[in-house]
Amino acid sequence: MNEESERLDALLQRNAAEQLTEVDWDQLNAGISARLDEAERRRKAPVRLPAIFKVAAVLIAAVGVMLTVVTLTTRPGPAERRHGYAAVKILKSTGFASVQIIQTGPQGKAIVDINPAPHLSAKSHVRILDTAEDAARHRSKAAWIIITKPSEPAYADNGFNPQTAAMISLF
Amino acid sequence: MNDGPKASIDDTVMLVRATRAGRREAFDRLVRLHQRRALQAAVAILGTADEAADAVQDTFVKAYLSIGKLKQPENFGPWLLRIVTNAAISRARTVRRRKDRRRLATEAVKDVPAQAGHTQPTLELREAVQVAMSRLSSKEARAISLFGLQDLSHKEVAEIMNCSAEAARWYVFNARKKLKVLLKEYLE
């Protein structure tokens, strides 16, 4: 390091040292402590969302409630199920095949799974009947006939309570 | 003058761990142990103790809030110096913009009124150093301020700056070269 560099370093050192002798360390400490208190208070304070987020949250909740109410009030009940309007969801197959009724009514839609064949889907007429005796009369009119038996709810669940669950039979 | 006790590595490690465990008083002790070196580095970059004190306050708040990210507690000292030099450089830019706006660059230094206990040459030197440091690049300013902390080795400075020792020397060389021109009248 040459002489000029040494003089420069000495000048910078002197300037810094002179200023450090004038520092009020207690005041500096107090300033830092106050800033830390403030930072800690902010960190612990609950996050405050802008008002627009609150309004959006209320609107979303209201829409959610409305959708729930509309869905529940338009869902078919047990009485309608017997007349061909109920949705039927199969939880357990009869051992060799299972059927899932997508849509009931005069132009019903069903998915039939015949193991070990791959899944097949087809449109078909679907009728929901109360007894097996009725099935004989409707065999020629529907490819799949479903007989409801409220007394045997363990085999299938139609989405309602177990007492109104239906057993599905394939013919 | 109460400039605080000297910091040992063991004390620092213990206090960093206690701070992480939620003990605020432990960080207050860390402040007292490290504030002198932090202020020294900030003064070297900013040229004045008043501005440096603000940078040091920012530094300790930032360190407190992010102490959980410090991987090795024994590196608290170098980590703090990195934060304080960054804070000082950032503040130096702000000061420079402020001075430019007020047209108080080198030519106006002569108009600084003398304060109690300070001679006009002392104030002029402070202002001149402040202006000269603001003309350096951030790496040059950081390198020469850290070299000014005389107990730091080239390797330690390089680690703080996240560069090689050769690069750190190069930044110091360039900083000196510029400062010799900018502070020429005070070196004669």
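A residue is counted as buried if 20 or more other C-beta atoms lie within 10 Å of its own. By this criterion, 18% of the 171 residues of chain A are buried. The structure is a predicted model, scored at ipTM 0.78 and pTM 0.59.

Chain A contains five helices and five strands. Their order along the sequence is α-α-α-α-β-β-β-β-α-β. Four helices thus open the pattern, as written, and a strand closes it. Contacts in chain A were also examined by sequence separation. Among those between residues at least 6 apart in sequence, 30% join residues at least 24 apart.

Confidence was assessed for chain B. The mean pLDDT of this chain is 84. A value of 70 or more is reached by 85% of its residues. Among the elements of chain B, α3(B) has the highest mean pLDDT, at 93. The lowest, 82, belongs to α5(B). Residues 108–112 of chain B fall below 50. In the model, this stretch nevertheless has seven contacts beyond near neighbours in sequence.

The two chains touch. Chain B brings 33 residues to the contact, and chain A brings 26. On the side of chain B that touches chain A, at least two residues come from each of α2 (24–46), α3 (49–65), α5 (120–134), α8 (165–182) and α9 (184–187). Helix α2(B) supplies the largest share, with nine residues. By residue class, this side of chain B comprises 18 nonpolar, eight polar and seven charged residues. Both α3(B) and α5(B), the elements at the two ends of the confidence range in chain B, are among the contributors.

One helix pair across the contact was examined in detail. Helix α1 of chain A spans residues 3–21 and packs with α8(B). The axes lie 10 Å apart, at an angle of about 80°. Angles of 65 to 115 degrees count as roughly perpendicular. The two helices, α1(A) and α8(B), are therefore roughly perpendicular to each other. From α1(A), the contact involves Glu4(A), Ser5(A) and Leu8(A). From α8(B), the participants are Arg176(B), Leu179(B) and Lys180(B). Three residues of this helix contact are charged, two are nonpolar and one is polar.

How values were computed:
Residues are numbered from 1 along each chain as its sequence is written. Chains are lettered from A and ligands numbered from 1 in the order in which they are written. This is a predicted model: local features need pLDDT of at least 70, side-chain atom pairs count only at pLDDT 80 or more; totals for chains, interfaces and linings use all residues. A residue is buried if 20 or more other C-beta atoms lie within 10 Å of its own, exposed if 12 or fewer, and partly exposed in between; C-beta atoms are placed from the backbone. Two residues are in contact if their C-beta atoms, placed from the backbone, lie within 7 Å. Ala, Val, Leu, Ile, Met, Phe, Trp, Tyr, Cys and Pro count as nonpolar, Asp, Glu, Lys and Arg as charged, and the others, Gly among them, as polar. Axes are lines fitted to C-alpha atoms, for helices over the stretch in contact, and angles run from 0 to 180 degrees between N-to-C directions. Angles under 35 degrees count as roughly parallel, over 145 as roughly antiparallel, 65 to 115 as roughly perpendicular and the rest as oblique. pLDDT is the predictor's confidence in each residue, from 0 to 100.
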